[in-house]
Amino acid sequence: MPAEASTSRTPPPPLTERQEARRRRILHASARLAGRGGFDAVQMREVAESSQVALGTLYRYFPSKVHLLVATMQDQLERMHGTLRRKPPAGDTAAERVAETLMRAFRALQREPHLADAMVRALTFADRSVSPDVDQVSRQTTAIILDAMGLDDPSPEQLSAVRVIEHTWHSALVTWLSGRASIAQVKIDIETVCRLIDLTGPAR
């Protein structure tokens, strides 16, 4: 068997309605505990008790705390995406709309600094076993940016710009959480990197 085949993961079957409800309870409990005390406050046994699932069941959904918190970030971004779709950014250009979108997402995380710190730490600690979950976070972030740009079929150059914008947004979040950047500096950096959009083709 080729090496890559032995490490590939078969996509899990779709969750039933009951399983999805259980998963949502788990993610809600994770976000609540992280919001109270950050990364260290998320203990798998407490998450299981709070979400009313057996500890073994929790580990079947999420093999580790890092898996759980990365999934929590994906869930938080999905919620933000829904909010942004209901109230889209109002900028005249794609660059302005993306900058506004990312700052709105940033401010949402700013309101829950312990939760934001826990999720970012989980992304930092994630090893190869968590790659599919980290990829989900990246895909969700990409979808948020492309929606703000108003693009359904981006060019390779536009996708490259989106990746650089994602990296900058993540880095800005890390530096703010560590106290090395102010909100004003984050805004300047985000607005600056979003100007890349203007260099990659028409996105009005």
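**Notes on the salt bridges and helix 2**

1. Let's start in helix 10 (residues 183–194): Lys 187 and Glu 191 both sit in it, four residues apart, or about one turn of the helix. This is a predicted model, so please read everything below in that light. The two residues form a salt bridge, with their closest N and O atoms 2.5 Å apart. Neither end is hidden away: Lys 187 is partly exposed at 34% relative accessible area, and Glu 191 is partly exposed at 31%.

2. How many salt bridges turn up in a search of the whole structure? The count is six. As background, side chains of opposite charge can pair when their charged atoms come close.

3. Helix 2 (residues 17–37) has a pair with the spacing of four residues, about one turn of the helix: Arg 24 and Glu 20. Their side chains meet in a salt bridge at 3.8 Å, N to O. Arg 24 counts as partly exposed, with 30% relative accessibility, and Glu 20 is partly exposed too, at 29%.

4. Arg 24 has another partner worth a look, since its side chain also meets that of Asp 75 in a salt bridge, 2.7 Å from N to O. Asp 75 belongs to helix 5 (residues 65–86) and Arg 24 to helix 2, so this pair ties together parts that are 51 residues apart in sequence. Is Asp 75 buried or exposed? It is buried, with a relative accessible area of just 5%, whereas Arg 24 is partly exposed.

5. If you have the model open, try displaying Glu 20, Arg 24, Asp 75 and Arg 79 together: salt bridges link these four residues in a network.

6. Now for helix 2 itself. It runs to 21 residues and spans 31 Å from its first C-alpha to its last. That is close to the 30 Å expected at 1.5 Å a residue.

7. Which residues of helix 2 are buried? Among them are Ile 26, Leu 27 and Leu 33, along with Ala 29, Ala 31 and Ala 34. Arg 22 and Ser 30 are on the buried list as well. The buried residues of this helix pack against helix 3 (44–51), helix 4 (55–61), helix 5 and helix 7 (113–125). Helix 5 therefore comes up twice in this note: it packs against the buried residues of helix 2, and it holds Asp 75, the partner that ties it to Arg 24.

8. One last detail, at the end of helix 2: just after it, Gly 38 takes a positive phi of about 80°.

Terms used
Residues are numbered from 1 along each chain as its sequence is written. This is a predicted model: local features need pLDDT of at least 70, side-chain atom pairs count only at pLDDT 80 or more; totals for chains, interfaces and linings use all residues. Side-chain values use heavy atoms; hydrogens and water are left out. Helices (H or I, at least four residues) and strands (E, at least two) are DSSP runs, numbered from the N terminus. Buried means under 20% relative accessible area, exposed over 50%, partly exposed in between (1.4 Å probe, protein chains only). The expected span of a helix is 1.5 Å times one less than its number of residues. Contact means heavy atoms within 4.5 Å.
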